[in-house]
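Colleague: I am new to this structure and would like a close look at one part of it, the stretch that carries the C-terminal domain annotation. Please describe that part and then place it in its surroundings.

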Amino acid sequence: MKLAVIGTGYVGLVSGVCFSELGNDVICVDHLKEKVALLNKGEVPIYEPGLKELIASNKSEGRLQFTTDLPEAVRQSDIIIIAVGTPSLPSGKANLSYIEQAAREIGLAMNGFKIIATKSTVPVGTNEHIQTIIASQTAFPFEVASVPEFLREGTAVQDTLHPDRIVIGTSGETARKYLTELHRPLTEHIMSTDIRSAEMIKYASNAFLAAKISFINEIANICEKVGADVTEVAEGMGYDHRIGSSFLKAGIGYGGSCFPKDTQALIQIAGQMDYDFKLLKSVVDVNRDQRFNVIRKLEASLGDLAGRTVAIWGLAFKPETDDVRDAPAFEIIDALVKRGANVKAYDPIATANFRQQFGESGVVYCADAEEAAIQADALCILTEWKEFRDIKPLSIQSWLRTPNLIDGRNIYSEHELANTQLIYYSVGRPNMN
Ligand code: UGA
């Protein structure tokens, strides 16, 4: 099939590349000239395991192109996938201006029947809005569809090529037929539904996963008080298939470009319909507060943080990505700097992105984990990179000036800490020092 994918962010780029891997002809479109130039040189603007190799092979076989020319891409394609960003407005509402602009430009460029499928996460009713915009620009027939994307950063290629399910929301039979055919090689679990339900499935899924994380984080906080171990509790809960074991890892709360934005947007969507989504509001509050447990534990260990040196390992919102959007590290480091601490920070690949957004004030960015930890009064682990897991706690002890370790992601076990003098705080586990 001939596809145009509008937007080369995580969702657009990974989907476009994976559809070309399935043998389709794909034109990826972005209005940013520099990004398109980079992609045309075979370079990838995001860090995503496996993506660079797939781009190279599909480009060389002529199935994958990158362009800024949206009208031409639309004219050459049968299916147009909208995958532009829907960032949060200050109110928490999703900003639909990129979607609306894409819809207008698609409408203007139409030269025959097209299927227009949205993969961006959009509030319920947006695809109908897209339909109205396109219809106002063209007399050619078309059908719209909502095909939400469920990929995770860091495993995006795997998630796209081997999804748990594909949801196709449409009111048109042609769109349903072609989009089912397009996705058929990926999974047998293809669910066909109406547009509004498909839009809601995406928000409800992210909100539910966010709720699981806030739930286990609160259980962890209670475990700390009653002397239970949240990793054991989560394991014991997870064997019940009605609960499931995933997304029950206690830590410093969720970040990233999806959960924070989508939970706020769903609260807004409900609010506009006069529905107070109390549960989800609590999920968001719990998440915001959870990250400050790192500061509370530091203060319990060191007292006043003014003039103290605090090492931070991990700036990305999760491992295997250089994405720092809504990473807990921002608020934690900001709180440390405000308390007068000197921060030494290190991340295997996200340092440049973090530095660009946070700046230099109060933070020294280090070239490796050891440099950050040397002579610090405490070390906080904020992202569970494998590189950190592979460092022996005894090495950490030898690098620190005073042996305080705040492990925000529970990367070490009791056994690994047994022969150390580290004063170790983890999340929801009995003190192991
Ligand atoms: C999330 C969803 O998992 C995807 O299904 C969805 O497609 C995507 O949002 C999206 O809407 O585009 P992503 O944000 O890439 O994907 O990352 P996750 O792996 O879900 O992690 C999100 C955050 O939750 C991270 O900060 C992670 O550290 C945290 N987390 C995750 C926990 O604290 N505990 C867990 O058990 C799992």
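**The annotated C-terminal stretch**

Modeller: Over residues 311–414 the chain is 35% helix and 18% strand, and 22 Å lie between the C-alpha atoms at the two ends. The model is a predicted one. The stretch is marked out by a UniProt annotation, "domain: UDP-glucose/GDP-mannose dehydrogenase C-terminal", which comes from an unreviewed entry and covers residues 311–414. The domain assignment lists domain 1 (2–188), domain 2 (202–288) and domain 3 (291–425).

One residue to look at here is Asn410, which sits in the loop between β13 (404–407) and α19 (414–417). Its phi is near 50°, a positive value in a residue other than glycine. Asn410 has 19 other C-beta atoms within 10 Å; a residue is buried at 20 or more and exposed at 12 or fewer, so Asn410 counts as partly exposed.

Next comes the neighbouring domain. The centres of domain 2 and domain 3, taken over C-alpha atoms, are separated by 24 Å. Nine residues of domain 2 are in contact with 14 residues of domain 3. On the side of domain 2 that touches domain 3, three residues are nonpolar, six are polar and none is charged.

Gly255 links this region to a second annotation. For "binding site", UniProt (unreviewed entry) lists residues including Phe150, Glu153, Lys249, Gly255 and Lys318. The listed positions spread over 169 residues of sequence and are also spread in space, up to 24.0 Å between C-alpha atoms. Gly255 itself lies in the loop between α10 (230–238) and α11 (259–272). Leaving out residues up to four places away in sequence, Gly255 touches Pro260, Phe317, Asp326, Ala327 and Pro328. Gly255 is buried, because 24 other C-beta atoms lie within 10 Å.

Phe150, also on the binding-site list, is placed in the loop between β6 (142–146) and α7 (156–161). Its contacts, again without residues up to four places away in sequence, are Asp159, Pro163, Asp164 and Ser205. Phe150 counts as partly exposed, because it has 18 C-beta neighbours inside 10 Å.

The ligand is the next item. It is surrounded by 20 residues, and the closest are Glu153, Lys249, Tyr254, Gly256 and Cys258. By class, this shell has 10 nonpolar, five polar and five charged residues. Domain 1 (2–188) and domain 2 (202–288) each supply at least three residues to the shell. Helix α9 (residues 195–226) gives the most, with three residues.

A second residue with a positive phi is Asp274, at about 65°, although it is not a glycine. Asp274 is in the loop between α11 and α12 (278–290). With 6 C-beta neighbours inside 10 Å, Asp274 counts as exposed.

Finally, the whole protein. Its secondary structure comes to 19 helices and 14 strands. The radius of gyration is 23 Å, close to the 22 Å that the globule rule gives for 433 residues, so the protein is as compact as a globular protein of that length. The C-alpha trace spans about 70 × 45 × 35 Å along its principal axes. Of the 433 residues, 47% are buried. Among contacts with a separation of 6 or more, 71% are between residues 24 or more positions apart.

Methods: Residues are numbered from 1 along each chain as its sequence is written. This is a predicted model: local features need pLDDT of at least 70, side-chain atom pairs count only at pLDDT 80 or more; totals for chains, interfaces and linings use all residues. A residue is near a molecule or strand if its C-beta atom, placed from the backbone, lies within 6 Å of it. Helices (H or I, at least four residues) and strands (E, at least two) are DSSP runs, numbered from the N terminus. Ala, Val, Leu, Ile, Met, Phe, Trp, Tyr, Cys and Pro count as nonpolar, Asp, Glu, Lys and Arg as charged, and the others, Gly among them, as polar. Domain bounds come from an automatic or database domain assignment. The radius of gyration is taken over C-alpha atoms; the globule rule is 2.2 Å times the number of residues to the power 0.38. Two residues are in contact if their C-beta atoms, placed from the backbone, lie within 7 Å. UniProt positions are given in the numbering used here, feature names are shortened, and annotations may be inferred rather than shown by experiment.
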